[in-house]
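Reader: I would like to go through this model with some care, one question at a time, and see how each answer is reached.

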Amino acid sequence: MDLTDKIVKLKKDKKAVILAHNYQRPEIQEIADYIGDSIELSRKAAEEKDAEIIVFSAVDFMAESAAILNPKKKVLLPCLGARCPMAQMLTVDAIKQAKKLHPNAPVVLYVNTLASAKAQCDVCCTSANAVEVIKSLDAETVIFGPDRNLAEYVSEKTGKTLIPIPEWGFCPTHLLFQPEDVKVLQMQHPGATVMVHPECSSEMRKVANFIGSTSKMCRYAKESNAKTFIVGTEEGIMHRLRKENPEKEFILAYEGAVCPNMKLTTLDRLYVALKEEKNVIKVPEPIAAKARASLERMFEVKA
Ligand code: 13P
Ligand code: SF4
């Protein structure tokens with residue numbers, strides 16, 4: 001039996017389900033029961049009834065959200081080192097300080113935050129629903145973190161003032177994209193459609209035909225009549241885009257756009273984690289309860 005077969009057998013024996021983010025390695029996506037963006041995976045984890053174990057193939061904050069939303073399940077993160085650097089950028093102290101400075105402004109946090117931060121906010125959002133979440137609030141000024149680019153994008157879309165916390169929060173992978181590279185690719189592929197993630201810089205947003213979360217990009221690519229796409233997000237998505245649209249061409253806007261943390265999940269690590277039921281993600285209940293409320297408020301917003 002090869003490793004994939006062994007994982008499939010273990011999954012059945014242990015009643016486990018594998019959820020994988022769109023940025024995961026192709027072999028992880030192939031073995032997953034469900035592939036999606038951060039909100040889809042959170043929803044799936046929250047709704048999971050039959051499985052006893054959820055193997056969350058992604059990074060720390062996504063597995064934490066699964067553990068918060070479905071505390072009765074055993075949530076495993078195949079590699080504990082898979083930590084999103086952006087989520088580390090926002091401290092609880094920084095949130096408390098911002099609340100003191102702007103006592104009337106609600107706090108909206110991107111799901112790319114740790115549970116302790118989520119516990120301090122009014123509502124969470126993802127890149128798929130950030131605009132709708134901000135629109136749903138009865139406030140013109142909102143404290144928002146940790147992604148400054150997403151804050152700027154949402155502010156442009158809603159006309160509201162977003163106070164970024166920290167002032168400089170960013171995704172190191174998405175900042176690698178540069179509009180100059182897109183221009184060269186457009187010369188080589190005239191008429192190509194440019195899709196970018198809202199974590200990219202404002203300069204990248206300006207050259208985009210479509211801006212959206214990873215799953216929204218997948219949907220857009222399927223529904224669009226375009227034949228060639230220049231893609232401004234992490235390279236793992238290329239596997240899904242090409243698999244779902246074999247007749248279309250997808251070009252990564254910058255070849256080095258790899259999130260090292262997303263790539264830490266390998267078949268070997270997933271196999272060992274599931275076999276030994278190790279790397280269980282647990283969030284202490286007082287924090288989990290508050291973070292759950294912020295996540296559930298997000299689910300209530302129609303997007
Ligand atoms: P999505 O919600 O678009 O999948 O984004 C998650 C993420 O980490 C982007 O870098
Ligand atoms: Fe975090 Fe960026 Fe990696 Fe997404 S791509 S997990 S935001 S570092």
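Reader: In which loop does T173 lie?
Author: This is a predicted model, and the answer should be read with that in mind. Placed against the numbered elements, T173 lies in the loop between strand 8 (161-164) and helix 10 (179-188).

Reader: Is T173 buried or exposed?
Author: Away from its own stretch of sequence, leaving out residues up to four places away, T173 touches E234, A257, V258, C259 and P260. Its relative accessible area is 5%, and because buried means under 20%, T173 counts as buried.

Reader: How many cavities of 30 Å³ or more does a search of the whole structure find, and about how much space lies in the largest cavity?
Author: The search of the whole structure finds one cavity of 30 Å³ or more. The space that lies in the largest cavity comes to about 260 Å³.

Reader: Which residues of the lining lie nearest the centre of the largest cavity?
Author: The elements giving two or more residues to this lining are helix 4 (60-69) and helix 5 (85-88). By character, the lining residues divide into twelve nonpolar, nine polar and three charged. Of the 24 residues that line the largest cavity, those nearest its centre are Y23, M62, N112, E199 and M262.

Reader: Which parts of the chain does the salt bridge between E40 and R219 tie together?
Author: The closest N and O atoms of E40 and R219 are 3.2 Å apart. E40 counts as buried at 18% relative accessibility, whereas R219, with a relative accessible area of 41%, is partly exposed. The two residues belong to parts that are 179 residues apart in sequence, so the pair ties together helix 3 (residues 38-47) and helix 12 (residues 214-223).

Reader: With which residue does K263 form a salt bridge?
Author: K263 counts as buried at 10% relative accessibility, and it lies in the loop between strand 12 (249-252) and helix 14 (267-276). Its partner lies in the loop between strand 11 (228-232) and helix 13, so the pair ties together parts that are 28 residues apart in sequence. That partner is partly exposed, with a relative accessible area of 27%. With closest N and O atoms 3.1 Å apart, the residue that pairs with K263 is E235.

Reader: Which residues are joined into one network by salt bridges that share partners?
Author: The structure holds 15 salt bridges. Where salt bridges share partners, they join into one network the residues R148, E152, E156 and R205.

How values were computed
Residues are numbered from 1 along each chain as its sequence is written. Chains are lettered from A and ligands numbered from 1 in the order in which they are written. This is a predicted model: local features need pLDDT of at least 70, side-chain atom pairs count only at pLDDT 80 or more; totals for chains, interfaces and linings use all residues. Side-chain values use heavy atoms; hydrogens and water are left out. On a 1 Å grid over the protein atoms alone, a cavity is a set of points where a 1.4 Å probe fits but cannot get out, and a pocket is an open set with protein on both sides within 12 Å along at least five of seven lines; lining residues have an atom within 4 Å of a point. Grid points are joined across faces, edges and corners, and a volume is the space filled by probe spheres set on the points. Helices (H or I, at least four residues) and strands (E, at least two) are DSSP runs, numbered from the N terminus. Ala, Val, Leu, Ile, Met, Phe, Trp, Tyr, Cys and Pro count as nonpolar, Asp, Glu, Lys and Arg as charged, and the others, Gly among them, as polar. Buried means under 20% relative accessible area, exposed over 50%, partly exposed in between (1.4 Å probe, protein chains only). Contact means heavy atoms within 4.5 Å. A salt bridge is a side-chain nitrogen of Lys or Arg within 4 Å of a carboxyl oxygen of Asp or Glu.
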